[in-house]
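Dear colleague,

I am handing over the structure below, and after it you will find what I noticed while going through it. Please keep it open while you read on.

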Amino acid sequence: MKGKIIKSTGSWYQVLELETNKIFEARIRGKFKLIKTRLTNPLAVGDFVEFQLEQDDIAWITKIDPRRNYLIRKSVNLSKEAHIIASNIDLACFIFTLKHPETSLGFLDRFLACCEAYNITPLILFNKIDVLHEEEIEIVKDVEFLYQQIGYDTLEISSYSRLNLDQLQELLKDRTSVFFGHSGCGKSTLVNALQPGLNIKTSEISDTHLKGKHTTTFAQMHFWDFGGNVIDTPGVREFAMIDIQKEEVQHYFPEIFKKREECKFHNCLHINEPKCAVIDALETGEIQDSRYSTYIKLMDEAEEAAHK
């Protein structure tokens, strides 16, 4: 039987049988766990699998189909390992909040680099616009313009005032999407606003640290009445790129990759080489400091990983 993983709790999965749309509780046959990998989870929500039923309608997953793409985060406790958050994604929505909680540009840049690396279409959603003052809205507009200039799609939204939610529905329709962002950025509230009746648990922001509290503790797929589905994920603190070479990092920053053709040396890494077009563009403001800073950090991490 063929199915799709729609929920993962770590040891148990829910699999949707593709012909009948019946949902089964599922487990993995032991051999999956023997595959040598740096991933903490052998299966992710969005994976297509083959399974067989045994007594009590328990499904045993026997095979996983190759993934078209996936997004990955660093494992919380194991620095050398990573965790696949979701797979076979059509649209990855990053939920950016200027405050409550504050989203850093570095976090957004890592997300976008992951999307570039794993061939996933990103969409930046500027959320909680209704709680911002005029000056704060101007800051959001500046950030939005910066990413639009690079070539990324953006949308300002609010779950409470329903700003642009109809437009967002059109973008999500008939696609598998995934919502990302810090805990407290409004992922679950947004899912509830787009699909009334789901009643996904939400929580207030913690006053002490102005950080969100984790309300989603495992990934789960929810289906839209208007067509398509969304994978709701736990709040992610850090994205990871696994087995990336230092020289490859520039491929995941479109504005840097585009400029490299003008560099004097074809193997320029844009650090301190002479006649580097990227450094020149940085000085003129054509490439943003924040983006370049993330680029350098990812290069350092790739080099560090290579020597481990």
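Among the contacts in this protein between residues at least 6 apart in sequence, 62% join residues at least 24 apart. Please bear in mind that the model is predicted. Its secondary structure comes to 7 helices and 15 strands, and buried residues make up 49% of the 308 residues. The accessible surface comes to about 15,900 Å², and 48% of that area belongs to carbon and sulfur atoms.

One helix worth following by eye is α3, which covers residues 165-172 and has L165, L168 and L172 as its buried residues. These cover an arc of only 55° around the axis, and therefore they lie on the same side of α3. The general background is that an α-helix has 3.6 residues a turn, so residues three or four places apart point the same way. The face of α3 turned away from the buried side carries the exposed residues D166 and E170. As for what the buried residues of α3 pack against, the partners are the strands β8 (91-96), β9 (121-126), β10 (153-156) and β11 (176-180), together with the helix α4 (187-194). After α3 comes D174, whose phi is positive, near 60°.

A second place to look is E255, which sits in helix α5 (residues 254-259). With a relative accessible area of 13%, E255 is buried, because buried means under 20%. Leaving aside neighbours within four places in sequence, E255 is in contact with I150, I287 and R291. Of these, I150 is 105 residues from E255 in sequence, and yet the two are 6.1 Å apart in space, C-alpha to C-alpha.

With best wishes

Notes: Residues numbered from 1 in each chain as written. Predicted model: local features only at pLDDT ≥ 70, side-chain atom pairs only at ≥ 80, totals over all residues. Heavy atoms only, no water. Helix = DSSP H or I, 4+ residues; strand = E, 2+ residues; numbered from the N terminus. Buried < 20%, exposed > 50% of the residue type's maximum accessible area, 1.4 Å probe, protein only. Contact = heavy atoms within 4.5 Å. Areas by Shrake-Rupley, 256 points an atom, 1.4 Å probe, with all protein chains shown as cover. Arc of directions from axis to C-beta.
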